[in-house]
Structure formats: C-alpha cells, structure tokens
Amino acid sequence: MTRTEHTTTAPTPIATPVPVGSDPLRQLEYETQTPSGPEAVRGILHPAELALRGMPVTCSACRARRDWLLLNQGRDVWVCCRCGNDWLEPEITRKDFDALIADPTWTRHPSTGAGRVALGFDGTFAGVYLD
C-alpha cells in the first residue's frame, strides 16, 4: 500500500513595504521630504502684488492684482488666481520660483486640483482678497 503524504509548507513571507499611513515615523519622513523628480509639482502662496519686468500681474478674468498661487513643474511656472483662472507665465523661471521659497513648509496634496481646492484657488473665493 502506497502512502501519499501531503506536506504543506508555509509560504515564504514576502517583504511588503509598510504603507506610509500606518507608520507615524515613515509618514513624518515622507512629509518632510522636498518634492522631487520630473513630475513633482511645487506650489507657493504669493499674497502680495507680483510685478514682472516692472509691470504688475493682473488676472485677465477678474482683474485681481494680488493673492496668487504659483505652481512649478519642471521648467514651467503657472500663476493661479482665486477666481480659478490660471496661465503659464514664461517670465517666471524655475530659478525665480526657487528664490521665492524662503521657508519651505511642504503640504502634500494628492493632485494639483485637490491642492487648489484646499488652498481656495478653485473659484470659491472669486473676488475676495484673503489677508
């Protein structure tokens, strides 16, 4: 009589990375890293008037002259107004953008759209200056 043995061996556990949200120390490490890579988008609030080559920047939709959100990705910088209007500004270089960041306190958002909503640049505060 032949005897068939079924031996079950426990599968070797696969080292899976710990999700960032489950470990507070890894979350803190992730949040304090500066955005990097070609797809990184950085943003900075600029509450004062912005002048390029001596000319004040004015929103073409609502005529606002201050309270901007500047977004940088790669070499490009966009100017966003509280009314929801935004445009690519070729006069602002990445070097100029980097010079504006004196105290980088990074806040991460899942997308640029979510960041605009969180910061109030989605049209919700159209015509309102926040001081």
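**Exercise 1. Two residues with positive phi**

Is R53 buried or exposed, and what is its relative accessible area? Determine also where R53 and D67 are located and how D67 compares in its burial class.

*Solution.* The structure is a predicted model, in which local features need pLDDT of at least 70 and side-chain atom pairs count only at pLDDT 80 or more, while totals for chains, interfaces and linings use all residues. Residues are numbered from 1 along each chain as its sequence is written, and side-chain values use heavy atoms, with hydrogens and water left out.

Step 1. R53 is exposed, with a relative accessible area of 74%, where buried means under 20% relative accessible area, exposed over 50% and partly exposed in between, for a 1.4 Å probe and protein chains only.

Step 2. R53 sits in the loop between β2 (51–52) and β3 (55–56), and its phi is positive, about 55°, although R53 is not a glycine. Strands here are DSSP runs of E of at least two residues, and helices are runs of H or I of at least four, numbered from the N terminus.

Step 3. D67, in the loop between β3 and β4, likewise is a residue other than glycine with a positive phi, near 70°. D67, however, is buried, with a relative accessible area of 5%.

**Exercise 2. The sheet**

Establish the order of the strands in the open sheet, and explain why β1 and β6 each have one side without a neighbour.

*Solution.* Step 1. From the N terminus on, the elements run α-β-β-β-β-β-β-α-α, which gives 3 helices and 6 strands.

Step 2. An open sheet is formed by 4 strands in the order β1-β4-β5-β6, with antiparallel pairing; two strands pair if DSSP finds at least two bridges between them. β1 (41–46) and β6 (86–88) stand at the edges with a single partner strand each, so one side of each is left without a neighbour in the sheet. From one strand to the next, the twist averages 20°, an angle taken on a scale from 0 to 180 degrees between the N-to-C directions of axes fitted to C-alpha atoms, for helices over the stretch in contact.

Step 3. Follow the pairs across the sheet. β1 and β4 are joined antiparallel by 6 bridges, and R42 stands opposite N72 in β4. Between β4 (residues 68–73) and β5 (residues 76–80) there are 5 bridges, with W78 of β5 as the bridge partner of L71. β5 and β6 pair over 3 bridges, and the partner of W78 in β6 is L88.

Step 4. Turn to the hairpins. The one of β4 and β5 has 2 residues between the strands, and G74 takes a positive phi near 65° there. The hairpin of β5 and β6 has 5 residues between the strands, with G84 at a positive phi near 100°.

**Exercise 3. The helix across the sheet and the nonpolar core**

Find which strands helix α3 lies across, which residues R116 touches, and which members of the largest nonpolar core touch the most other members.

*Solution.* Step 1. Helix α3 (residues 112–119) lies across β1, β4, β5 and β6, running at about 160° to β4. In a regular strand the side chains alternate between the two faces of the sheet. In β1, R42, I44 and H46 make up the covered face, whereas V41, G43 and L45 make up the uncovered one.

Step 2. R116 lies in helix α3 and is buried, with a relative accessible area of 19%. Leaving out residues up to four places away in sequence, R116 touches L69, L71, C80, D86, F121 and D122, contact meaning heavy atoms within 4.5 Å.

Step 3. The largest nonpolar core has 15 residues, of which W68, L70 and I92 touch the most other members. β4 and β5 each supply at least two residues of this core. Such a core is a set of buried Ala, Val, Leu, Ile, Met, Phe, Trp, Tyr and Cys residues joined through side-chain atoms within 4.5 Å.

Step 4. Beyond its neighbours within four places in sequence, I92 is in contact with L50, L52, L70, V77, V79 and F97.
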